[in-house]
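Dear colleague,

I am writing to hand over the structure below. My notes on it follow, for your use when you open the model.

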Amino acid sequence: MELAARVAHMRGDAGNGWGILFRAREMIAAGESVVMLSIGEPDVKTDPAILTAMAQSAANGHTGYPDIAGTMALRAQIAARVQARSGVPTRPENVLVTPGGQSALFSAHSVLLDPGQAGLFVAPYYATYPGTIRSTGAEARVIEARAEAGFQPAEADILAASAGARTLLINSPNNPTGVIYSDATLRGIARACQAADLWLISDEVYDTQVWQGQFQSPRALPGMAERTVVLGSLSKSHAMTGSRIGWMVAPEPVIAAALELAINTTYGVPGFIQDAALFALRQGTAFEAAVAAPFHRRRDIAKAVLSGSQALRLIPPAGAMYVMADIRPTGLSGDAFAARLLEEHKICVMPGESFGAAAAGHIRIALTQADAVLEDALRVLRGFAEAQMP
Ligand code: PMP
């Protein structure tokens with residue numbers, strides 16, 4: 001029996017670099033204690049008040065087939081949020097509720113890309129990006145954002161890669177670098193999209209985790225609302241990773257196409273999850289700031305512990321729940337550094353190589369452990385790095 005070629009194509013031939021994670025899990029299963037600074041799972045749990053709203057909704061009978069595009073109340077709430085944050089007029093008809101940001105990423109590419117075309121994405125990148133683009137049958141074409149340029153993608157590089165391309169996927173605040181794209185970068189991206197007639201897919205799932213400057217959505221730039229799809233999620237902003245709820249904001253024809261896709265795939269998000277999301281979003285920005293606060297604090301801890309070392313250089317962390325460090329002075333690759341740190345010190349970080357060649361010689365540290373645990377682990381990590389110096 002043969003499988004469809006589609007998924008083999010989606011998988012591609014690149015390793016995904018998650019080997020280190022599997023090794024760490026093996027060690028934990030064998031009873032060892034490992035400090036996991038690897039994946040973006042907040043240690044903060046969903047607020048009990050959100051869970052109560054969820055349970056009440058289910059108890060009140062919101063357990064049938066859901067509104068597939070999302071309840072009107074939730075779509076209106078998301079539209080208002082996006083409009084308030086970006087200044088761009090946004091109506092409920094511009095919103096599709098999805099089972100998480102990942103589903104929104106998949107839908108956006110599915111409705112905008114055809115086999116034979118190319119979808120652009122920026123490295124260092126979030127692990128699922130190339131596979132999601134390839135799932136459409138299109139080519140996933142990478143644009144390297146260079147470490148020397150502070151991991152800000154260049155307009156010229158986008159243009160140079162744009163032949164045959166239909167979409168460009170960006171992510172700011174960025175996973176894995178913790179970088180936020182500057183106004184100049186976003187304007188360059190907008191110019192490139194207009195010149196090469198690209199749809200811009202803007203992954204804004206970390207929009208509440210901004211430690212420096214202000215969050216800016218490229219959808220607000222002149223001429224961009226009609227060619228931009230914004231992806232959002234409550235996973236990080238409200239510590240709701242397991243609820244699987246996010247959204248896509250786009251021009252109405254894109255939403256209509258994505259709804260057709262949803263009818264044939266997810267059939268929507270459970271009503272009680274949607275009601276919990278509505279409750280969560282209604283708590284307002286102070287609640288979101290409180291969920292984000294531990295990551296801001298830990299970013300400051302990382303800066304304090306890791307700054308000034310000869311063995312590693314912190315990429316200035318402006319947002320998101322990660323910090324990235326250049327460990328090339330140690331003479332080790334990111335892969336070797338992460339592997340030895342795990343075996344010798346029981347600390348698991350992600351090698352930069354798993355986010356694309358642009359992040360080779362770097363490691364990504366997720367700020368997902370309690371402050372004191374993180375601080376101790378970072379001191380050990382710094383000591384390990386310094387011990388490798390020639
Ligand atoms: N985009 C980025 C950049 C992410 O880091 C993640 C999750 N870590 C997602 C999208 C998807 O998140 P979710 O599906 O939980 O919303």
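Which residue stands opposite Thr167 in strand 5? The residue is Gly119.

Before the details, two remarks on conventions. The model is predicted, so local features need pLDDT of at least 70 and side-chain atom pairs count only at pLDDT 80 or more, while totals for chains, interfaces and linings use all residues. Residues are numbered from 1 along each chain as its sequence is written, and side-chain values use heavy atoms, with hydrogens and water left out.

**The parallel strands**

Helices (H or I, at least four residues) and strands (E, at least two) are DSSP runs, numbered from the N terminus. Two strands are said to pair if DSSP finds at least two bridges between them. Strand 5 comprises residues 165-171. Strand 3 (residues 118-123) runs parallel to strand 5 and is joined to it by 4 bridges. Strand 6 (residues 199-203) also runs parallel to strand 5, with 5 bridges between the two. Leu169 has Ile201 of strand 6 as its bridge partner. Of the 7 residues of strand 5, 6 are buried, where buried means under 20% relative accessible area, exposed over 50% and partly exposed in between (1.4 Å probe, protein chains only).

**The antiparallel sheet**

A further group of 4 strands forms an open sheet in the order 9-10-13-12, with antiparallel pairing. Its edge strands are strand 9 and strand 12 (350-351), each of which pairs on one side only. Strand 10 (residues 322-326) is largely enclosed by the rest of the structure, because 5 of its 5 residues are buried. Tyr322, Met324 and Asp326 are buried on one side of strand 10, and Val323 and Ala325 on the other, so that both faces are covered. Strand 9 (residues 313-314) is antiparallel to strand 10 and joined to it by 2 bridges; here Arg313 stands opposite Asp326. Between strand 10 and strand 13 (residues 362-366) there are 5 bridges, again in the antiparallel sense. Tyr322 is matched there with Ala366 of strand 13.

**The ligand and its surroundings**

The shell around the ligand has 14 residues, and Gly101, Asp203, Tyr206, Ser233 and Ser235 come nearest; a residue is counted as near if one of its heavy atoms lies within 4 Å. By class, the shell holds 4 nonpolar, 7 polar and 3 charged residues. For this count, Ala, Val, Leu, Ile, Met, Phe, Trp, Tyr, Cys and Pro are nonpolar, Asp, Glu, Lys and Arg are charged, and the others, Gly among them, are polar.

A polar contact is a pair of N or O atoms within 3.5 Å; within protein, one must be able to donate a hydrogen and the other to accept it, and residues adjacent in sequence count only if both atoms are side-chain atoms. A side-chain N or O atom of Asp203 is 2.6 Å from a nitrogen atom of the ligand. Tyr206 places a polar side-chain atom 2.7 Å from a ligand oxygen atom, and a polar side-chain atom of Arg244 also lies 2.7 Å from an oxygen atom of the ligand. Taken alone, the ligand exposes 400 Å², of which the protein buries 93% (Shrake-Rupley method, 1.4 Å probe; for residues, only the protein chains shown count as cover).

Helix 5 (100-112) and helix 9 (234-237) each supply at least two residues of this shell. The largest share, 3 residues, comes from helix 5. Buried residues of helix 5 include Gly100, Gly101, Ser103 and His109.

**Local features**

Most residues other than glycine have a negative phi, and most peptide bonds are trans. The bond from Ser172 to Pro173 is cis, with omega near -10°, and another cis peptide bond joins Asn175 and Pro176, with omega about 20°. Pro173 lies in the loop between strand 5 and helix 8 (183-195), as does Pro176.

Asp197 has a positive phi, near 55°, and lies in the loop between helix 8 and strand 6. At 54% relative accessibility, Asp197 counts as exposed. Ala239 also has a positive phi, near 50°, in the loop between helix 9 and strand 8 (246-249); with a relative accessible area of 5%, Ala239 is buried.

Yours sincerely
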